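Please open the structure in your viewer and keep the selection tool at hand. We will go from stop to stop, choosing a few residues each time and looking at what surrounds them.

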Amino acid sequence: MATAAPAKTEYEAIIGLETHCQLSTETKIFSYSSTAFGATPNTNIDPICLGLPGVLPVLNQKVLEYAVKAGLALNCTIAEYSKFDRKQYFYPDLPKNYQISQYDLPIAEHGWLEIELSDKEGKPQRKKIGITRLHMEEDAGKLVHGGSDRLSGSTFSLVDYNRAGVPLIEIVSEPDLRSGEEAAEYAQELRRIVRYLGVSDGNMQEGSLRCDVNISVRPVGQKEFGIKVEIKNMNSFTAIQKAIDHEIERQIEAIEAGEPIFQETRLWEEGAQRTISMRSKEGSSDYRYFPEPDLPPIQVSADRLSEWKGELPELPAQKRDRYESELGLSSYDARVITDDSSVATFFEATLAAGGTPKLAANWIMGDIAAYLNAEKVKITEIALTPESLAELIKLIEAKTISSKIAKDLLPELLTKGGSPEKLVESKGLTQISDPETLNAMIAEVLAAHPKELEQYRNGKTKLKGFFVGQMMKKTGGRADPKLTNQLLAKQLDA
């Protein structure tokens, strides 16, 4: 959960995001070439995505389905009638010298999503961010610059058309964001949604989710917007937050120094932690949009729309609310568990197998998450099943084993799987909870350490921890910790 940045008294920032989200279809938006990431350059290509003479595009119906589902999840109105347009510009990575996109009649409009922030006291607050539009379009290719990681300073450039024609949805927010933290939280919630839908993997490092930020600054109380600046080249949510906060400060300093703000596109330099000017910003008239003549209009029937709406899963915000209201999880726990849909699925399967919500959440967010991070694997790739985790939780609750024993068993369960109960039996790790047995063992420990016992009874009470340790050593960690402490205290103070 983001923490809302303190607002400046003199100025306020007006921020909007344009998010390009690559759809997880097997083939491109208008042709049959693969969309697989990481292929040898210029192998996932065909005459259509290269714009060779005489070829005609055909809309991939899966792209339309994914776009509509994303629009529904973002509370948008789905257009009964939509169309494609040609956006014309010249750049080496655009083989046709125009991009097929949507201009005045997008597939979805007028939506919203909620983000969660924390106030100064750490209490959660919600803010609704408007969605202006969502439209479909094709991606361009990719330039690979030689001698440098960017165009400036490179000695040559190569073009890879594998990405040309890959399907995108562009999601444009209303200018409702006011800080880098809000923008980063918005982008993260957007990624959660598309991942839950299964329409995109949202991997920023592979370019599946790319955010362009529009920022202007104005004095507090002024109705008119300031001059808008666009920032590109942000490959993480942290970079989005830092770039925005830097650009806000840059614009404020320029205004106070009497320097002009230009409408331009700037790049975020991660190493220098600054934005630099790239080019003047184009207007829509520069692209000379006109309707795409080779593609028919798009009409989504009421039956098809109803079918796709019925296939929507429970979304992250809905899960968070349910986990808090029905399962009693804290706001923090609910957010962590629902951040990844596969983790939420594992959690719910654990509950279905009899695990209690709080303990299941603790194990998943604690030891299991630590293992996933250390081994760089997903929760779907571990040998431990939800049923086994539920069984482990039941053994703890029944005091068959202690939490310490469970932690000792977990590495083997994560890598080899199997039944925790059978593993406990095979290793002879059943917890000792019989008072008579424990009292006899405590008496033996005290008799074996008369010097420490005398010191304890003469006021050195910190030695109680020593005797607890000796009991755990004697029992191989199998002694019931709570009961052992109670019985030990009685014999020590006798």
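In this predicted model, begin by selecting helix α5, whose buried residues pack against β7 (108-118), α2 (180-197), α6 (331-338) and α7 (341-352). Within α5, which covers residues 316-325, colour P316, K319, R320 and Y323, since these are buried. If you then look down the axis of α5, the buried residues fall within an arc of 100 degrees, so they line one face of the helix. The general background is that an α-helix has 3.6 residues a turn, so residues three or four places apart point the same way.

Next, select helix α9 (residues 386-397) together with helix α11 (residues 420-427), which pack with their axes 8 Å apart and at an angle of about 55 degrees; α9 is therefore oblique to α11. Show the side chains where they touch: S388, E391, L392 and L395 of α9 meet P420, E421 and V424 of α11. Of the residues in this contact between α9 and α11, four are nonpolar, one is polar and two are charged.

Now turn to the backbone, remembering that most residues other than glycine have a negative phi. Select Q273, in the loop between β14 (264-269) and β15 (274-280), where phi has a positive value near 55 degrees; Q273 is partly exposed, with a relative accessible area of 31%. Then move to R288, in the loop between β15 and β16 (290-291), whose phi is also positive, near 45 degrees, and which is partly exposed at 45% relative accessibility.

Finally, zoom out and colour the chain by domain: domain 1 (11-303), domain 2 (314-427) and domain 3 (435-493). The centres of domain 2 and domain 3, taken over C-alpha atoms, are separated by 33 Å.

Terms used
Residues numbered from 1 in each chain as written. Predicted model: local features only at pLDDT ≥ 70, side-chain atom pairs only at ≥ 80, totals over all residues. Heavy atoms only, no water. Buried < 20%, exposed > 50% of the residue type's maximum accessible area, 1.4 Å probe, protein only. Helix = DSSP H or I, 4+ residues; strand = E, 2+ residues; numbered from the N terminus. Arc of directions from axis to C-beta. Contact = heavy atoms within 4.5 Å. Domains from an automatic or database assignment. Axes fitted to C-alpha atoms, helices over the stretch in contact; angles between N-to-C directions. Parallel < 35°, antiparallel > 145°, perpendicular 65-115°, else oblique. Nonpolar A, V, L, I, M, F, W, Y, C, P; charged D, E, K, R; others polar.
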